[in-house]
Amino acid sequence: MITNLRNKKIRYLLLAITTIIVGLASRKLTFIPAVTGDILYAVMVYWFCRLLFYDRSNLFSITIALVFCFFIECLQLVQIPFLIYIRNNPVLRLIFGQGFLWSDLIGYIAGATLAFLL
């Protein structure tokens, strides 16, 4: 039982790392639509939710993943100095984004749903 649980956690961690690598690669290829990054971001968040909440349902994980993604997107509407400083850091910009876009929310829904169905 413990080995099975450990294997599940390792699988979700590897899925998240693979998604990060694919997401970073997608930013370098100009022919890939910009929404791909939002989709992959939500997929990655879902994998991390499965890793952290392995004992909860898939429905719980997709809900938490979408709430997190939507929160981060809405946080982009807030322009306080600390958040602006964070967004100027190249690594943290990947996590917190730069500007609010309604289309990003659709990408998050698509990505989390895709990961949920997988």
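**Exercise 1. Which side chain of opposite charge is nearest to D38, and how far away is it?**

Solution. Begin by placing the residue: in this predicted model, D38 belongs to helix 2, which covers residues 35–52. Next, look for a partner of opposite charge, and the nearest such side chain turns out to be that of R27, at a distance of 7.6 Å. A salt bridge requires a side-chain nitrogen of Lys or Arg within 4 Å of a carboxyl oxygen of Asp or Glu, and D38, although buried, has no salt bridge. Finally, list what D38 does touch: once its neighbours within four places in sequence are set aside, its contacts are D104, G107 and Y108.

**Exercise 2. Determine whether G107 is buried or exposed, and find its contacts.**

Solution. First, locate G107, which sits in helix 6, a helix spanning residues 102–117. Then turn to its accessibility: G107 counts as buried because its relative accessibility is 2%, and the cut-off for buried is under 20%. With neighbours up to four places away in sequence left out, G107 is in contact with V35, D38, I39 and A42. For one of these, V35, the separation along the chain is 72 residues, while the C-alpha atoms of the two residues lie 5.9 Å apart in space.

**Exercise 3. Work out which helices build the largest nonpolar core, and which one gives the most residues.**

Solution. Start with the members: the core holds 20 residues, and those touching the most other members are Y41, V45, Y46, W47, C69 and Y108. Two or more residues come from each of helix 1 (2–28), helix 2, helix 3 (58–75) and helix 6, and helix 2 makes the greatest contribution, with nine residues. Now follow Y41 outward, ignoring residues up to four places away in sequence: Y41 touches F68, C69, I72, L94, I95 and Y108.

**Exercise 4. Identify the residues closest to the centre of the largest pocket.**

Solution. The largest pocket contains about 880 Å³ of space. Its lining is made up of 33 residues, of which R27, G37, D38, Y41 and L94 are the closest to the centre. To see where the lining comes from, note that helix 1, helix 2, helix 3, helix 5 (90–96) and helix 6 each give two or more residues to it.

**Exercise 5. Classify L15 and L75 by accessibility, and describe how sequence and space relate for each.**

Solution. Take L15 of helix 1 as the opening case; L15 is called partly exposed because its relative accessibility is 31%. L15 is 32 residues from W47 in sequence, with a C-alpha to C-alpha distance of 6.6 Å. L75, in helix 3, is buried because its relative accessible area is 19%. L75 and F60 are 15 residues apart in sequence, and their C-alpha atoms are 22 Å apart in space. As a last step, apart from its neighbours within four places in sequence, L75 has contacts with L83, R87 and F96.

Definitions and conventions. Residues numbered from 1 in each chain as written. Predicted model: local features only at pLDDT ≥ 70, side-chain atom pairs only at ≥ 80, totals over all residues. Heavy atoms only, no water. Helix = DSSP H or I, 4+ residues; strand = E, 2+ residues; numbered from the N terminus. Buried < 20%, exposed > 50% of the residue type's maximum accessible area, 1.4 Å probe, protein only. Lys, Arg positive; Asp, Glu negative; His and termini not counted. Contact = heavy atoms within 4.5 Å. Core = buried A, V, L, I, M, F, W, Y, C linked by side-chain atoms within 4.5 Å. 1 Å grid on protein atoms, 1.4 Å probe; cavity = no way out; pocket = protein on both sides within 12 Å on 5 of 7 lines; lining within 4 Å. Points joined across faces, edges and corners; volume = space filled by probe spheres on them.
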